[in-house]
Amino acid sequence: MDYLVVYTSKTGNTQKVAVKIFESLPGKSKDIVSLEELGGEEADTYFVGFWNNRGICTTEVIDFLSGLHGKRVALFGTCGLSGNKEYFKQVEKQVSVFIPDDNEYLGCFLCGGKMAPRVLEKYRQMQSVCDTPQIRTLIAAYEDAMLHPNEQDFQNACEFAESVR
């Protein structure tokens, strides 16, 4: 198989991006599967998707990446804090380190993604105790994240996939 899109998605954001990346890949020698349902599929090029949790991916994604050898590997994911390029670079650095050196690393695409309502509840509770500019910034980031991933994010994901394939 030429391409395998493997992803994990907690709220559905990363799955939506995975589908767009899959659709943008050429030919018929490709597949898409959640990490939880992954069987013995093998490919030359892997697009590995994850949801960001405090700057890193899940241990399952780390284990999967660590087991890849002699492949071409691209990363993609969703983050609650969207639009912060420096934060995206930090997340990419934190995750890409788990790709063994005998692979060809192709780069990373990250975009915003909706967060669970309990996150806003937590921010509101913090705000009720002490209304600081930092907490207002977190609430604004949450509200912005609710607009992602959007059509522009999907287009950017497809352009990324086309640029590295």
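In this predicted model, residues 24 or more positions apart account for 77% of the contacts in the protein with a separation of 6 or more. The chain that makes these contacts is built from six helices and five strands, and when it is read along the sequence the elements follow the pattern β-α-β-β-α-β-α-β-α-α-α. The radius of gyration is 16 Å, close to the 15 Å that the globule rule gives for 165 residues, so the protein is as compact as a globular protein of that length. Along the principal axes, the C-alpha trace spans about 55 × 30 × 30 Å.

The interior can be considered next. Buried residues make up 48% of the 165 residues, and in soluble globular proteins nonpolar side chains tend to be buried together. Here the largest nonpolar core holds 24 residues, of which Y46, V48, F50, L65 and L75 touch the most other members. Two or more residues are given to this core by each of β1 (3-7), β3 (45-51), α2 (59-66), β4 (72-79), α3 (85-96) and β5 (104-112). Leaving aside residues up to four places away in sequence, V48 touches V6, V61, F64, L65, L68, V73, A74, L75 and F76. Another core, of 18 residues, lies apart from the largest one, and Y3, F47, F76 and V164 are among its members.

Turning to the surface and the charges, the accessible surface comes to about 8700 Å², with 49% of it belonging to carbon and sulfur atoms. The protein carries 17 positive and 23 negative side chains, and the centres of these two sets lie 6 Å apart.

Definitions and conventions:
Residues numbered from 1 in each chain as written. Predicted model: local features only at pLDDT ≥ 70, side-chain atom pairs only at ≥ 80, totals over all residues. Heavy atoms only, no water. Helix = DSSP H or I, 4+ residues; strand = E, 2+ residues; numbered from the N terminus. Rg over C-alpha atoms; globule rule 2.2 N^0.38 Å. Buried < 20%, exposed > 50% of the residue type's maximum accessible area, 1.4 Å probe, protein only. Contact = heavy atoms within 4.5 Å. Areas by Shrake-Rupley, 256 points an atom, 1.4 Å probe, with all protein chains shown as cover. Lys, Arg positive; Asp, Glu negative; His and termini not counted. Charge placed at Lys NZ, Arg CZ, Asp CG, Glu CD. Core = buried A, V, L, I, M, F, W, Y, C linked by side-chain atoms within 4.5 Å.
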